[in-house]
Amino acid sequence: MSAVEIHGVSQRYGSMAVLHDLNLSLAEGEVLGLFGHNGAGKTTSMKLILGLLAPSEGQLRVLGRQPADPDVRRQLGYLPENVTFYPQLSGRETLRHFARLKGASIGQVDELLGQVGLTHAADRRVKTYSKGMRQRLGLAQALLGEPRLLLLDEPTVGLDPIATGDLYQLIDRLRQRGTSVILCSHVLPGVEAHIDRAAILAKGRLQAVGSLAQLRREAGLPTRIRASGMDNGAAWLQRWGAAGHAARETGERSVEVAAINGHKVPLLRQLLGESEPEDIEIHQPSLEDLYRYYMERVGDARAQEGRS
Ligand SMILES: Nc1ncnc2c1ncn2[C@@H]1O[C@H](COP(=O)(O)OP(=O)(O)OP(=O)(O)O)[C@@H](O)[C@H]1O
């Protein structure tokens with residue numbers, strides 16, 4: 001059974017269409033990164049999965065049932081984008097309150113405070129917490145009741161680099177336990193190692209979904225091979241250019257060639273077989289490169305529609 005299945009979902013707010021024919025599924029134990037520009041429809045998608053909104057068109061199944069089913073709700077954890085708490089309660093009191101609301105064991109509270117690094121501040125009022133501490137409390141709240149499906153909307157906002165790394169490690173552990181996770185984020189660097197697939201949403205439409213390897217193949221973005229400490233760089237530039245590869249000088253005795261699909265290994269073999277670079281760097285397209293590619297493609301499509 002899939003954790004989430006979305007079939008042909010469109011969503012309107014009044015007369016404004018914000019999601020168009022969305023089709024997406026999430027396997028159990030899978031971590032999906034959902035990325036998109038401001039207003040792309042990420043939070044709306046999460047609210048549909050949470051059963052907080054009913055789709056204008058199409059169907060959703062969450063853990064095999066209707067999203068608003070109370071049994072499903074009990075198995076979901078949600079960290080909203082702008083998390084707010086009662087300022088007068090302490091962190092521990094806050095979590096106890098949410099545990100009671102969710103029917104989760106109060107015994108989990110202290111363990112979760114420890115997991116998010118808030119044990120030392122458990123008895124301080126939330127109004128004295130920094131933004132990052134409130135965010136971590138929000139995460140602990142989302143983890144109450146050991147959810148099977150966790151929805152995290154901008155979880156790294158306000159987190160310092162170490163807390164961000166801790167969050168990603170926590171996601172890795174949850175994945176190992178079989179928890180399914182949807183993670184919305186504008187922060188792309190660093191997240192790619194912790195997701196199974198990425199979904200890229202723009203203007204309410206899913207532009208791409210797949211593993212990084214699949215998206216790299218689909219986008220056909222080049223892997224850049226940079227060789228430094230080269231005695232005969234100019235000759236290589238000429239040779240690569242003649243063979244139709246984009247190549248450039250990147251510094252003194254340093255050259256770079258862009259290898260598109262299928263050319264990476266042959267180019268490397270040739271380079272290492274026939275010259276002696278002091279160093280080689282291989283830069284695969286990052287999630288950020290892929291995101292930029294899909295965003296630019298939407299922009300281009302719009303520009304062409306405008307011209308026709
Ligand atoms: N309650 C609402 N009423 C009317 N329009 C809304 C409502 N909520 C969201 N929208 C609109 O729907 C579109 C999608 O919003 P959504 O919050 O899903 O985007 P998002 O991808 O989460 O954006 P961000 O990255 O800025 O959080 C936006 O144009 C937004 O203005």
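Entry 1, R216. I looked up R216 and found a relative accessibility of 17%, and because buried means under 20%, R216 counts as buried. I keep in mind that this is a predicted model. R216 sits in helix α7, which runs over residues 212-219, and its side chain reaches the backbone oxygen of P285 at 2.7 Å. Leaving aside residues up to four places away in sequence, I listed what R216 touches as E192, L221, N261, Q284, P285 and L290.

Entry 2, helix α9. I then turned to α9 (residues 264-274), where the buried residues are L267, L268 and L271. They cover an arc of only 100° around the axis, so they lie on the same side of α9. On the other side of α9 I found R269 and G273 exposed. Among the elements that cover the buried residues of α9 I noted β10 (223-228), α8 (233-242), β12 (254-259) and β13 (279-283).

Entry 3, the cores. I looked up the largest nonpolar core, which has 51 residues, and those with the most contacts inside it are F35, L95, L118, L137, L152, I195 and L287. Of these I followed L95, which touches V109, L112, L113, L137, A140, Q141 and L144 when residues up to four places away in sequence are not counted. A second core, separate from that one, has 27 residues, including A3, L26, L32 and M46.

Entry 4, the record. In UniProt I found an unreviewed entry that places the feature "domain: ABC transporter" at residues 4-228. Over that stretch I noted 31% helix and 29% strand, with the end C-alpha atoms 47 Å apart.

Conventions: Residues numbered from 1 in each chain as written. Predicted model: local features only at pLDDT ≥ 70, side-chain atom pairs only at ≥ 80, totals over all residues. Heavy atoms only, no water. Core = buried A, V, L, I, M, F, W, Y, C linked by side-chain atoms within 4.5 Å. Buried < 20%, exposed > 50% of the residue type's maximum accessible area, 1.4 Å probe, protein only. Contact = heavy atoms within 4.5 Å. UniProt positions renumbered as here; feature names shortened; annotations may be inferred. Helix = DSSP H or I, 4+ residues; strand = E, 2+ residues; numbered from the N terminus. Polar contact = N/O pair within 3.5 Å; in protein donor to acceptor, adjacent residues only side chain to side chain. Arc of directions from axis to C-beta.
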